[in-house]
Amino acid sequence: GRTMAEPTTTTSSSRDAGGAEPEAAVVEKSPRGRYLRFKDLLGKGAYKEVWRAYDTVEGIEVAWNVVNLKNLPAAEKARVINEVRLLDRLEHENIIDFHGSGVDRERG
């Protein structure tokens with residue numbers, strides 16, 4: 001499976017994507033429709049991609065993180081899952097907000 005979120009972190013920007021982005025720029029929606037992922041790739045690592053997205057409830061830009069768990073060793077997969085669980089519990093003024101996560105089993 002692949003861990004995907006509803007985007008996991010907010011950015012410092014609060015631009016209203018409703019007026020700034022054409023509908024064609026939306027390439028994916030979260031399962032519940034709250035988050036819209038755009039085609040803008042912000043960063044990529046060995047097993048993670050970060051895309052620009054928009055939270056339709058809060059009206060802010062967010063980072064939509066995608067982690068491909070398929071090829072990760074078991075220990076690394078467990079570390080990623082534990083990190084996501086930890087982020088979900090953290091609340092601190094110096095830590096970016098975490099909005100949720102999910103697993104997309106259809107994408108492999």
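**Patch, partial exposure and cores in a predicted model**

Student: What makes Leu86, Leu90 and Ile95 a nonpolar patch on the surface?

Tutor: Leu86, Leu90 and Ile95 together have about 230 Å² of accessible area, by the Shrake-Rupley method with a 1.4 Å probe and only the protein chains shown as cover. A patch takes residues with over 30% relative accessible area and no salt bridge (a side-chain nitrogen of Lys or Arg within 4 Å of a carboxyl oxygen of Asp or Glu), and nonpolar side chains are joined within 5 Å, like charges within 9 Å. This is a predicted model, in which local features need pLDDT of at least 70 and side-chain atom pairs pLDDT 80 or more, while totals for chains, interfaces and linings use all residues. Residues are numbered from 1 along each chain, and side-chain values use heavy atoms, without hydrogens and water.

Student: Why does Ile95 count as partly exposed?

Tutor: Its relative accessibility is 34%, and partly exposed lies between buried (under 20%) and exposed (over 50%), with a 1.4 Å probe and protein chains only, so Ile95 counts as partly exposed.

Student: What makes up the largest nonpolar core?

Tutor: The seven residues are Tyr35, Trp51, Ala53, Ile60, Val62, Trp64 and Val66; a core joins buried Ala, Val, Leu, Ile, Met, Phe, Trp, Tyr and Cys residues through side-chain atoms within 4.5 Å. Strand 6 gives the most, four residues, and a second, separate core of five residues includes Ala25, Val26, Phe38 and Tyr54.

Student: Which residues does Val50 contact, beyond its neighbours within four places in sequence?

Tutor: With contact meaning heavy atoms within 4.5 Å, they are Asp40, Leu41, Leu42, Gly43, Ala63, Trp64 and Asn65.

Note on methods. Helices (H or I, at least four residues) and strands (E, at least two) are DSSP runs, numbered from the N terminus.
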